[in-house]
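Take a slow look at the chain below before reading on. We will go from the overall form to single residues.

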Amino acid sequence: MKTEQEKEQATLEINGQEHITGAEAILECLIAEGVDTIFGYPGGAIMPIYDKLMDYEDRLRHILTRHEQGAAHAAQAYAMVTGRPGICFATSGPGATNLVTGIANAFLDSVPVVFITAQVVSNLIGTDAFQETDIIGVSMPVTKWNCQVKKPQDIPDKIAKAFYIAKSGRPGPVLIDITKDAQLEKLNFRYKKCEYIRSYNPHIPLHTKAIESAAIMINHAEKPLILAGHGVLISGAEDELKAFAEKTGIPVASTLLGLSGFPSDHRLFTGMLGMHGNYGPNLLTNEADLIIAIGMRFDDRVTGNLKKYAKKATIIHIEIDEAEINKNVIVDVEINNDAKDVLNHLISMVKENSFEKWIREFRICDKTEYEKVIKPETKPEKGELRMGEVVSRVSELTKGEAIIVTDVGQNQMYAARYYKFRHPNSLVTSGGMGTMGFGLPAGMGAKIGRPDKEVITFVGDGGFQMTIQELGTIMQYNVPVKIIVLNNNYLGMVRQWQDMFFDKRYASTELVNPDFVMIAKAYNIPGKKVSKRENLKSALEEMLASKGPYLLDIVIEKEGNVFPMVEPGSSVSEVRLTY
């Protein structure tokens, strides 16, 4: 007599296909797509997947976060530093809805994350069953694609489609909601990667005529400026951008998410664009006669007042997402293609050139900014520690080799301004969504994705406390991420706006904080509090020498403001250096 286990084994092969449960099929699909790490949090509806996950521990690593939002941010950071889609699991109802901020964050920053949520059994959908939520309807505005699966045999095709959509064209998050019965029932499993979807065509033929027009304009420009966005990094066009800039001699400015796409120490790099960007690229945008925008969307934080933006310039826009072209800024030449493909084609068509006189204008601005902003911020002679000073020391000690993760607010702007990025994809931050609480779980996800790199997370004392529970995940998996809390006992960026625009009426922005070092200690994470300048360097060196996770609580001036600043409603050429 055969045992039940032997009978089950005998039915595993049916016409060359495995007969397995939907839960197993999900995990087999992930393995077929090259997945090795999953971030998530279990619950009732997703329990069949988690049960089978125990049988895959040798092939799939699961990171149990302390909150679904933490899992979403960690998965996004993992994707940003590895170039592979992040994977995130959550159960139905509140588990799924807790992902929404992380989904929206990945959507606005064009990061491929595959979210798999569980749903109540099919016959209960629409009955307001326990922990039932229409996550398809909720997530539709902030996903590139989503779907619900009620039958196990649909799982392989839907997952294959999800990966293809998430990775291709302009990347983004996708979500598959799978009912509990679909996870438990069996199917004849066969997996084939998706390479084509009718009506979805992310591979657009090269617009050669537009590229030829762009080359002519570039060859005749007198004050051209390259605006490099996140699309440069997404397309892997860093080498092409460098070659293009060096051949043409055109200066390069970067958006926040474009940082690290062009070397910070390159002679043609002029700095960061935007509200708290560098003086030169902001001021001189309105002097340029040609703007070459590559993989960026003319966000309002970059353009300032659109009525006063780049009025002297002809604009070439290289952008893979057609919806972004002419959305905010009307352009002269539209090139709706991948940045890497366009630059590869364009390099051979442009002339060797140099714009030394034009670049000298940026260097004059650099000198002004250094004297009025950078020197007082990074080399203060007295007073309390300053955020820019801390970031600058970290940059020097790591020689620009680390991956920098930030939360949102003043800590984010100071990290972007004062860390000197040497390698692509070495800044992980929340750009479009501006999500406080992003920094800690993202730092964890980045370190798990790139264990070979030093990962340093800058967080403010406000954002840190929004996801502070992820210290438990760091403890459980001994993730050796370095955490620097820039602590001013304020919601710093909100306070800055209150200072500048609301007569210093600090409404609900001052924080009474706990002892962060003691909290870290409770999680078996060593740490130190620093409040004096003479102790900063040694404390940073001790942190960097630590083999495991480490937390530095650095007390900085309470009412410091980030400058330069383009005030809301102002032109980028009206950028202010001081308050």
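**A walk through the model**

Start with one residue: F298 sits in the loop between β13 (290–294) and α14 (300–303). Keep in mind that this is a predicted model. The backbone at F298 has a phi near 50 degrees, which is positive although the residue is not glycine. Most residues other than glycine have a negative phi. Is F298 buried or exposed? Its relative accessibility is 2%, so F298 counts as buried.

Compare another loop. N326 lies between β14 (314–318) and β15 (333–335). Here too phi is positive in a residue other than glycine, near 65 degrees. N326 has a relative accessibility of 24%, so it counts as partly exposed. The cut-off for buried is under 20%.

One peptide bond also deserves a look. F563 and P564 are joined by a cis peptide bond, with omega at about 0 degrees. Most peptide bonds are trans. Where is P564? It belongs to the segment after β21 (550–555).

Now step back to the whole chain. How many helices and strands does the protein chain have? There are 24 helices and 21 strands. The C-alpha trace spans about 90 × 60 × 40 Å along its principal axes. What radius of gyration would a compact globule of 579 residues have? It would be near 25 Å, and the protein chain has 25 Å, so the two agree.

The contacts add to this picture. Take those in the protein chain with a separation of 6 or more: 76% of them link residues 24 or more positions apart. Burial can be counted as well. Of the 579 residues, 58% count as buried.

Next, go inside. The largest nonpolar core holds 98 residues. Which residues have the most contacts inside this core? They are I292, F458 and I484. Follow I484 outward, leaving aside its neighbours within four places in sequence. Its contacts include V390, V394, I456 and F458. Among them are also L540, M543, L552 and I554. A second core is separate and has 50 residues. I135, F438, A446 and V481 are included in this second core.

A charged residue can be buried too. Glutamate counts as charged. E240 is in helix α12 (residues 238–248). Its relative accessible area is 11%, so E240 is buried. What does E240 touch, apart from its neighbours within four places in sequence? It is in contact with K340, L343, N344 and I347.

Finally, look at open space. The second largest pocket contains about 500 Å³. Its lining is made of 23 residues. Nearest the centre of this pocket lie S264, N278, I374, R417 and K420. Which elements each supply at least two residues of the lining? They are β12 (269–272), α16 (356–378), α17 (387–398) and α18 (410–418). The largest share comes from α16, with six residues. The lining is mixed in character: eight residues are nonpolar, eight are polar and seven are charged.

Note on methods. Residues are numbered from 1 along each chain as its sequence is written. This is a predicted model: local features need pLDDT of at least 70, side-chain atom pairs count only at pLDDT 80 or more; totals for chains, interfaces and linings use all residues. Side-chain values use heavy atoms; hydrogens and water are left out. A nonpolar core is a set of buried Ala, Val, Leu, Ile, Met, Phe, Trp, Tyr and Cys residues joined through side-chain atoms within 4.5 Å. Buried means under 20% relative accessible area, exposed over 50%, partly exposed in between (1.4 Å probe, protein chains only). Contact means heavy atoms within 4.5 Å. Helices (H or I, at least four residues) and strands (E, at least two) are DSSP runs, numbered from the N terminus. On a 1 Å grid over the protein atoms alone, a cavity is a set of points where a 1.4 Å probe fits but cannot get out, and a pocket is an open set with protein on both sides within 12 Å along at least five of seven lines; lining residues have an atom within 4 Å of a point. Grid points are joined across faces, edges and corners, and a volume is the space filled by probe spheres set on the points. The radius of gyration is taken over C-alpha atoms; the globule rule is 2.2 Å times the number of residues to the power 0.38.
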